[in-house]
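Please look over the structure shown here. A short report on selected local features goes with it.

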Amino acid sequence: MPVIMGRAEAQNHRNHHRAAAHAAKVAPRHGGVIEAITVNGNTRIETSTVLSYMVVQPGDSFNQDDLDRSLKTLYATGLFKDVTLRRDGNTLVVDLVENPIVNRIAFEGNHAVKDEDLRKAIAMRPRAVFSAQAAAADRQKLLDLYASKARFGATVTPQIIKLSHNRVDVVFNINEARQTLINKIVFVGNHAFSEARLASVISSKETEWYRFFSSSDEYNPERVRYDAELLRRFYLHNGYVDFHMINATGELSPDRKSFYITFTVSEGPRYRLGKMEVRSSLRHVESKDLYKYIDLFPHQWYDGTAIQNNSTSMQERLQATGHPFAMVRSEIARNPEKRVVDLLFDVNEGPHVYVERIDINGNTVTQDKVIRRQLPMAEGDPYTPFDRKYSKAVLQDLGFFSTVSVDQTQGSAPDRVNVSANVVEKPTGEFSLGGGYSTDVGVLGNGSVKQHNLLGTGMDAGISGTVAYYEKQVDLSLTDPYFLNRNIVAGIDIFGIQNNYQTYQSYKEGRYGATLRMGYSYNNYLSQSWSYSLIDRNVGNLFSGADVQDYGYQYVPSQYVQDSAGWTLLSQLSTTLTYDRRDNRARPRKGFVIRVSGDFAGLGGNEKYLRGKIDGDYYLPLDSITGNHDWGLQFKGGAGYMGDWSSSGNRNIIDNFYLGGENLRGFLQGGAGPRSAHYHDASGRTLPEAGQEDLIGGRFIYTASAQVNFPLPMGDDVGISGRYFVDAGGLAGLRVAHLYTNPRQSNYTPVSGDTLVPRVSTGVGISWKSPFGLVNIDAAVPIHKSYNDRLYPVRFGFGQQF
């Protein structure tokens, strides 16, 4: 890359030559003692400060070496544009020309990078001393910034504008040039995997027209190094123990418009696992008792990642069961002839180290106790590397800090350490407005004001609202994650909801009430939550259809809907027990979760029922088969039943289970299960064949779903992933205040769909992380349905907050 010398650099170059010339004239004659030093030309800098920089002082001899060193020292301060030392009798005269002061820093020609980002990159600041060296250093920093954004052809020229009173404006003239994109990625030395397969492993991509939302085709040396590590992990994951990355280079094309990246690899043979042994030197821990912690099996392909994860898992289990200093290391022995790797887990006692003191630094808003209660240790507790790793993770998970580091220093004794948690606060308030569309509620708008760290206490408070075509909702919430200074999450929600179901039902529903919540964890996997809700509900605005004079009949809501009309009060106590072994609770790929929940209504109010439900999810990655972590299986299932413990309860249909929509794609929300007719002719007779029916839900429900998640072509670049699914479920058991199923009754209202015969659907879906928000589309067709089940083949939704 050519070097551009601005005027400031040229001036600096001339200054060095001038310094050499002055040095030659500093002491025209030897001998004598410096009786005084006179400083001229300094207006901002005190004379005493100038003298403090000099090597020679009054009383010293006129020594040429000392004078040269003084001259260089004054130049090295960066405060002076020119320095001359001369002798006047026995007086040393120092003539200075001070460097100017920076008045303003400006950028011209930048469009791809904002001014504020450029200012963060440079060291020069207004009201600081200007020097040509500083301008040159900042120029290079700006070039590095543009290089990180794949603009290697960018040029930066500092321009100095002189002002009065020895001030200057510094203007960086920038020619950003076009982005230098990756034109070609080549792999050399690969035999086991194709170039296309290896290209899917790395994060760098060849430039294509559809990558306008991605930066993966921008050349970045750091990313190339990261890709080399990804390739190494990939080969070790697939059994290539002897894999070696020979070289990873990026070459700029002669026209400086694109890059060619070459990865040169040596694969070596592929190995399987042979014998697996455990050697334990821990007291009271036998080797044979640790084999149950091995998740690997003989003859599988060697997987370096799985072995490391198994070592870490075994160590954490031992540390959690009374062996805080346990250390587990994995050792391998290759057999190149048989292409087998023998594995040994060496379990021993690590050094005994205890926490002497814990310091919290940088928390200007968050209270100390909020941070300390997250840490897995206290003063006097054993200290292990796992504690340090876990401490950093839990502090980051709080979401209160932009950066977190956990450091340790030597304490007062060899077995003591001081632990410091260093944090940088970030804004925890949130104001959002958004909009979107959903097939369930139509066009929607939402807004919220939240504070996730109220007054530094760690409490979460907020108010949110949604206005949609078929729904209106407002919610005020407050959550204390450490209620009564214990590991208990407690909170309250006050809410109001209005749902207009009249596009597929014959009534509207309103709910207004409050919920008290409390939850706690028994360990890292098992937790329980409790809640009490007091809700005033209204089923009203019953839809009344066509006039008798126009069509010869009129239709009104079914008798079961009419029985639920009006205001009711729900007083309900609920609990949920959760066992969660997923690898990531936000985006799980492996593991399972089981939930058991129960509701008891009847502590006052109009409803008196018991409702129980069990459901679970299981996630299975397909990395070992596909070699791609975007492939995975997901299984879901659940069942629920509700019964009435008193005949005096209302048995409101809005409390029933409903099947369809999210829990059975391809069917209308609530559209599979018991339905009741609601059409009447002029004489009041029921005409169920005249049209649709009301959805009234049921007592017993079961659901099951199998889904395979897979990547799509170009998906990584535009944020699209796909899925194929099969859903099944059944709903039956009338739960209504009165039965009207006898044809001899005057208000006879037949019911259909009351069967546990499974409804089954299958379909495909996509998720797109678009610039407008997350878009979900599912299209499903029924494989098996009941007569007159209500279908909804396509579900669509998207939303955005800004």
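The notes below cover salt bridges, one helix, a surface patch, a polar contact and two backbone angles.

## Salt bridges

This is a predicted model. It holds 31 salt bridges. One of them joins Arg86 to Asp95, with the closest N and O atoms 2.7 Å apart. Neither end of this pair counts as buried, because Arg86 has a relative accessible area of 35% and Asp95 has 21%, while buried means under 20%. Both Arg86 and Asp95 are partly exposed.

Asp655 and Arg537 form another salt bridge, and their closest N and O atoms are 2.9 Å apart. This pair links distant parts of the chain, with the two positions 118 residues apart. Asp655 sits in the loop between strand E27 (632-644) and strand E28 (666-667). Arg537 belongs to strand E22 (residues 526-540). Both Asp655 and Arg537 are buried.

## A salt-bridge network

Asp644, Arg651, Arg699 and Arg735 are linked in a network of salt bridges. Within it, Asp644 pairs with Arg651 at 3.5 Å between the closest N and O atoms. Arg651 is partly exposed, at 24% relative accessibility.

## Helix H3

Helix H3 spans residues 64-76, 13 residues in total. From first C-alpha to last, H3 reaches 18 Å. That is close to the 18 Å expected at 1.5 Å a residue. Its buried residues are Leu67, Ser70, Leu71, Leu74 and Tyr75. Seen down the axis of H3, these buried residues fall within an arc of 135 degrees, so they line one face of the helix. The face turned away from that buried side carries the exposed residues Asp65, Lys72 and Ala76.

Both ends of the helix have something to show. At the N-terminal end, Asn63 acts as a cap: one of its side-chain oxygens lies 3.0 Å from the backbone nitrogen of Asp65. Just after H3 comes Gly78, with a positive phi of about 75 degrees.

## A nonpolar surface patch

Seven side chains need a look here: Phe431, Leu433, Val449, Ile463, Val474, Leu476 and Ile494 form a nonpolar patch on the surface. Together they have about 610 Å² of accessible area. Strand E16 (429-438) and strand E19 (471-480) are the elements that give two or more residues to the patch.

Ile494 lies in strand E20 (residues 488-500). Ile494 counts as partly exposed because its relative accessibility is 43%, between the limits of 20% and 50%.

## A buried glutamine

Gln707 is found in strand E32 (residues 700-711). Its relative accessible area is 10%, so Gln707 is buried. The side chain of Gln707 makes a polar contact of 2.8 Å with the side chain of Asn709.

## Positive phi outside glycine

His299 is not a glycine, yet its phi is positive, at about 75 degrees. His299 lies in the loop between strand E10 (272-280) and helix H8 (304-320). At 59% relative accessibility, His299 is exposed.

Asn788 also has a positive phi, near 65 degrees, in a residue other than glycine. The loop between strand E36 (773-784) and strand E37 (791-792) holds Asn788. Asn788 is partly exposed, at 31% relative accessibility.

How values were computed: Residues numbered from 1 in each chain as written. Predicted model: local features only at pLDDT ≥ 70, side-chain atom pairs only at ≥ 80, totals over all residues. Heavy atoms only, no water. Salt bridge = Lys/Arg side-chain N within 4 Å of Asp/Glu carboxyl O. Buried < 20%, exposed > 50% of the residue type's maximum accessible area, 1.4 Å probe, protein only. Helix = DSSP H or I, 4+ residues; strand = E, 2+ residues; numbered from the N terminus. Expected span 1.5 Å × (residues − 1). Arc of directions from axis to C-beta. Polar contact = N/O pair within 3.5 Å; in protein donor to acceptor, adjacent residues only side chain to side chain. Patch = residues over 30% accessible without salt bridge, like charges linked within 9 Å, V, L, I, M, F, W, Y side chains within 5 Å. Areas by Shrake-Rupley, 256 points an atom, 1.4 Å probe, with all protein chains shown as cover.
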